[in-house]
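Here's a quick walk through a structure you may not have met before. Have a look around, then read on.

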Amino acid sequence: AMEGEVYKSIEAVANAAQEWNDMQWFMRFYIFQKAAYLLEKKYFYDAVAAVMEDYSKNPYEAMIDVVELIDFLNFNTWYAYQIYQEQPASADNEYNFVDYRPWTGYIAALPPNNFISIAINLCTAPLIMGNVVICKPAPETIYSFHFMLKILHEAGLPKSVLCVLHGDEKMIGEILLTDCDLAHVHFTGSMHTMHRLVRIV
């Protein structure tokens, strides 16, 4: 990605945000539960192979990583459901309801290069709650990341709610982290990198 593509991704998720937010929460949840099902039943061995290829893990280590991702998708939708169940009491002549809104703006997801489960979780956890996400995956893990992204799309995830950028990390990071529409940074990595991100923000 050059600078133009980074700005286009910001525009793309901004345009997709309202429709994604308007989708019924249980329909959003279904997408990620279906992705977990596809990963477990249809693509499990291919996913393990993709993780072995990108992460240089043995079959056992790669299997653990894929199973953890399945758990993340299932548990995160379950925990989101628990949040939506937290509603105020209503009297006989009134109905009180809390509408859990996503952040205003986009989430910048910056995953590490050691676990596919973490990389996809950093994107999907905010998506489950109705946010839009721009992700900059680690350059060493492009194949496995896009393999999982294909599964998410097959499960029904609209393409514009998650934009993925590859390229110069410094350039992409500085544009995303200084943009006025940045709502939140979802990051797992070194303390040194974290302090740099905090300084930029």
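## A loop, a sheet and a pair of helices

Let's start at serine 56, which sits in the loop between α3 (44–55) and α4 (59–85). Keep in mind as you look that this is a predicted model. The phi angle of serine 56 is near 55 degrees, a positive value in a residue that isn't glycine. Is serine 56 buried or exposed? Its relative accessibility is 67%, and the cut-off for exposed is over 50%, so serine 56 counts as exposed.

Now for the sheet. Strands of a sheet pair through backbone hydrogen bonds, and they can do that parallel or antiparallel. Here four strands make an open sheet, in the order β3-β2-β1-β4, with parallel pairing. At the edges you'll find β3 (162–164) and β4 (182–187), each of which pairs on one side only. From one strand to the next, the twist averages 20 degrees.

Zoom in on β1 (residues 106–110) and β2 (residues 132–135): these two run parallel and are joined by four bridges. Two of the facing residues are easy to pick out:

| Residue in β1 | Opposite it in β2 |
|---|---|
| Alanine 108 | Isoleucine 134 |
| Alanine 109 | Cysteine 135 |

How many residues of β1 are buried? Five of the five are, so β1 is largely enclosed by the rest of the structure. Its side chains split two ways: Tyr106, Ala108 and Leu110 point one way, while Ile107 and Ala109 point the other way, and all are buried.

Last stop, two helices. The axes of α5 (residues 116–128) and α6 (residues 142–154) come within 10 Å and cross at roughly 45 degrees. Why call them oblique rather than parallel or perpendicular? Angles under 35 degrees would count as roughly parallel and 65 to 115 as roughly perpendicular, so with their crossing at roughly 45 degrees, α5 and α6 are oblique to each other. The crossing of α5 past α6 is right-handed.

Which residues do the meeting? From α5 come Ile116, Ala119, Ile120, Cys123 and Thr124, and across from them in α6 are Ser144, Phe145, Met148 and Leu152. Sorted by class, this contact of α5 with α6 has seven nonpolar residues, two polar ones and no charged ones.

Key
Residues numbered from 1 in each chain as written. Predicted model: local features only at pLDDT ≥ 70, side-chain atom pairs only at ≥ 80, totals over all residues. Heavy atoms only, no water. Axes fitted to C-alpha atoms, helices over the stretch in contact; angles between N-to-C directions. Parallel < 35°, antiparallel > 145°, perpendicular 65-115°, else oblique. Left-handed = near helix turned anticlockwise from the far one by under 90°. Contact = heavy atoms within 4.5 Å. Nonpolar A, V, L, I, M, F, W, Y, C, P; charged D, E, K, R; others polar. Pairing = 2+ DSSP bridges. Buried < 20%, exposed > 50% of the residue type's maximum accessible area, 1.4 Å probe, protein only.
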